[in-house]
Amino acid sequence: VEKTGRLLVVDNGWVFCGASSEIVAQTAEHFQRRPVGLRRLGFAPVPCPTTKNLENEYYPYTQKIAAAAHELVRGTRREWPVKEEPAEILNFKGPF
């Protein structure tokens with residue numbers, strides 16, 4: 001953050017009341033006199049989904065992380081195409 005003025009936190013938890021919230025809050029407090037680009041990704045603020053289609057929107061994935069980093073650095077949105085997933089992922093029926 002000191003060098004680039006930007007921070008992207010990707011958390012394996014909900015974006016509110018989690019580790020990413022605290023990291024972003026402490027960073028914002030530390031860099032009060034300097035503009036800093038802050039962004040966080042994590043679980044959507046909804047219950048854990050049980051279908052693959054909903055999981056795709058719920059969990060951060062590589063294309064979503066890359067798009068957020070690109071937007072943070074370049075200031076413009078860019079979407080990356082989702083590649084075909086392996087059979088073991090396509091056949092996954094959720095944690096239940």
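1. R39 and E71 form a salt bridge (a side-chain nitrogen of Lys or Arg within 4 Å of a carboxyl oxygen of Asp or Glu), with their closest N and O atoms 3.7 Å apart. R39 belongs to strand β2 (residues 37-43) and E71 to helix α3 (residues 62-74), so this pair ties together parts that are 32 residues apart in sequence. Helices (H or I, at least four residues) and strands (E, at least two) are DSSP runs, numbered from the N terminus.

2. This is a predicted model, in which local features need pLDDT of at least 70 and side-chain atom pairs count only at pLDDT 80 or more, while totals for chains, interfaces and linings use all residues. Residues are numbered from 1 along each chain as its sequence is written, and side-chain values use heavy atoms, with hydrogens and water left out.

3. The structure holds two salt bridges. In addition to the pair with R39, E71 meets the side chain of R77 in a salt bridge, at 3.2 Å from N to O. R39, E71 and R77 are thereby linked in a network of salt bridges.

4. Accessibility is given as relative accessible area: buried means under 20%, exposed over 50%, and partly exposed in between (1.4 Å probe, protein chains only). R39, at 30%, counts as partly exposed. E71 is also partly exposed, with a value of 27%, whereas R77 is exposed, at 60%.

5. Helix α3 has 13 residues and reaches 18 Å from its first C-alpha to its last, close to the 18 Å expected at 1.5 Å a residue. The expected span is 1.5 Å times one less than the number of residues in the helix. After α3 comes G75, which has a positive phi, near 85°.

6. Which residues of α3 are buried? They are Q63, A67, A68, H70 and L72. The buried residues of α3 pack against β1 (6-14) and β2.

7. L72 lies in helix α3. Leaving aside neighbours within four places in sequence, L72 is in contact (heavy atoms within 4.5 Å) with R6, L7, L8, G37, L38 and R39. The C-alpha atoms of L72 and G37 are separated by 6.6 Å, although these residues are 35 residues apart along the chain. R39 therefore appears both among the contacts of L72 and in the salt bridge with E71.
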